[in-house]
Amino acid sequence: MSVEWRIGSLRIRGPKGFEWCGADDFFKKRKRLADDFFHLLYSTKDILVSSKWEDCRPLVEDSQEYRFIGDESLCREIFEEYSAQLIEEAKESERKRKEERVLILFVACVSKIYAWHSFSLANNKLDMKCKFSVDIG
């Protein structure tokens with residue numbers, strides 16, 4: 001019977017002795033845990049663009065994802081990445097909102113110009129009819 005323990009990237013098997021597992025395994029697991037924690041942050045709606053780690057830590061420290069990572073500095077780093085993403089999304093949203101406002105103003109201006117132009121043409125045609133009728137009569 002072989003029992004397996006892991007210490008960092010070292011895999012220990014009972015009677016067979018020591019065996020190194022690849023660093024890839026360690027980093028893949030670390031990445032998966034980080035991704036799980038990132039998704040936890042994403043699903044926590046109380047975290048806003050202006051939120052700080054000190055304020056948000058109590059919201060996540062009882063979670064399985066936080067405990068599995070076991071390294072507060074890594075969790076804080078992941079939170080900072082998530083916060084940076086929130087800031088970028090807020091900037092992008094604001095940029096799109098400004099573009100929409102400019103487009104709405106542009107359409108409104110074009111509509112007014114078109115309406116004024118149509119009114120001017122109609123007015124000119126009316127003037128021409130009046131002159132024509134006056135010239136005949």
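# Exercises on a predicted model

Among contacts in the protein between residues at least 6 apart in sequence, those joining residues at least 24 apart make up 39%. The model is a predicted one, and the exercises below are to be worked with it in view.

## Exercise 1. The overall plan

Determine how many helices and strands the protein has, and in which pattern they follow one another along the sequence.

Solution.
- Step 1. The secondary structure consists of 4 helices and 3 strands.
- Step 2. Read along the sequence, these elements give the pattern β-β-β-α-α-α-α.
- Step 3. Of the 137 residues of the protein, 19% are counted as buried.
- Step 4. The accessible surface amounts to about 11000 Å², and carbon and sulfur atoms account for 60% of that surface.

## Exercise 2. Confidence along the chain

Identify the element in which confidence is lowest and the element in which it is highest, and state what follows for reading the coordinates.

Solution.
- Step 1. For the protein, the average pLDDT is 77, and 68% of the residues score at least 70.
- Step 2. Confidence is lowest in strand E1 (residues 4-7), where the mean is 45. It is highest in helix H2 (residues 53-60), at 93.
- Step 3. Over residues 1-19 the pLDDT stays under 50, although the model has 32 contacts beyond four places in sequence for this stretch.
- Step 4. The pLDDT is also below 50 over residues 132-137, a stretch with 0 contacts in the model beyond near neighbours in sequence.
- Step 5. Predicted coordinates should not be read in detail where pLDDT is low.

## Exercise 3. The buried face of helix H2

Find the buried residues in H2 and explain how they are arranged about the helix axis.

Solution.
- Step 1. Trp53, Cys56 and Val60 are buried in H2.
- Step 2. Viewed down the axis of H2, the buried residues fall within an arc of 70 degrees, and therefore they line one face of the helix.
- Step 3. The general background is that an α-helix has 3.6 residues a turn, so residues three or four places apart point the same way.

## Exercise 4. Threonine 44

Is threonine 44 buried or exposed, and which residues does it touch beyond four places in sequence?

Solution.
- Step 1. Threonine 44 lies in the loop between helix H1 (23-43) and H2.
- Step 2. The relative accessible area of threonine 44 is 14%. The cut-off for a buried residue is under 20%, so threonine 44 is buried.
- Step 3. Leaving aside residues up to four places away in sequence, threonine 44 touches Leu59 and Val60. Val60 is also one of the buried residues in H2.

## Exercise 5. Salt bridges within helices

For three salt bridges, taken from the 10 that the structure holds, give the partners, the distance between N and O atoms, and the spacing along the helix.

Solution.
- Step 1. Side chains of opposite charge can pair when their charged atoms come close.
- Step 2. Aspartate 35 forms a salt bridge with lysine 31, with the closest N and O atoms 3.1 Å apart. The two are separated by about one helical turn because they stand 4 residues apart in helix H1. Aspartate 35 has a relative accessible area of 31% and is partly exposed.
- Step 3. Arginine 32 forms a salt bridge with aspartate 36, and here the closest N and O atoms are 3.6 Å apart. Arginine 32 and aspartate 36 are 4 residues apart in helix H1, which means a separation of about one helical turn. Arginine 32 is partly exposed at 44% relative accessible area, and aspartate 36 is partly exposed at 33%.
- Step 4. Arginine 97 and glutamate 94 meet through their side chains in a salt bridge of 2.9 Å, N to O. Their spacing is 3 residues in helix H4, so they are separated by about one helical turn. Arginine 97 is partly exposed, with a relative accessible area of 40%, and glutamate 94 is partly exposed, with 28%.
- Step 5. Arg57, Glu61 and Glu72 are joined into one network by salt bridges that share partners.

## Exercise 6. A nonpolar patch

Establish which residues make the nonpolar surface patch of about 380 Å², and where valine 107 is found.

Solution.
- Step 1. The patch is made by Leu103, Phe106, Val107 and Val110.
- Step 2. Valine 107 belongs to helix H4 (residues 72-136).
- Step 3. With 45% relative accessibility, valine 107 counts as partly exposed.

Note on methods:
Residues are numbered from 1 along each chain as its sequence is written. This is a predicted model: local features need pLDDT of at least 70, side-chain atom pairs count only at pLDDT 80 or more; totals for chains, interfaces and linings use all residues. Side-chain values use heavy atoms; hydrogens and water are left out. Buried means under 20% relative accessible area, exposed over 50%, partly exposed in between (1.4 Å probe, protein chains only). Contact means heavy atoms within 4.5 Å. Accessible areas come from the Shrake-Rupley method with a 1.4 Å probe; for residues, only the protein chains shown count as cover. pLDDT is the predictor's confidence in each residue, from 0 to 100. Patches are made of residues with over 30% relative accessible area and no salt bridge: like charges are joined within 9 Å, nonpolar side chains (Val, Leu, Ile, Met, Phe, Trp, Tyr) within 5 Å. A salt bridge is a side-chain nitrogen of Lys or Arg within 4 Å of a carboxyl oxygen of Asp or Glu. The arc is that of the directions from the helix axis to the C-beta atoms.
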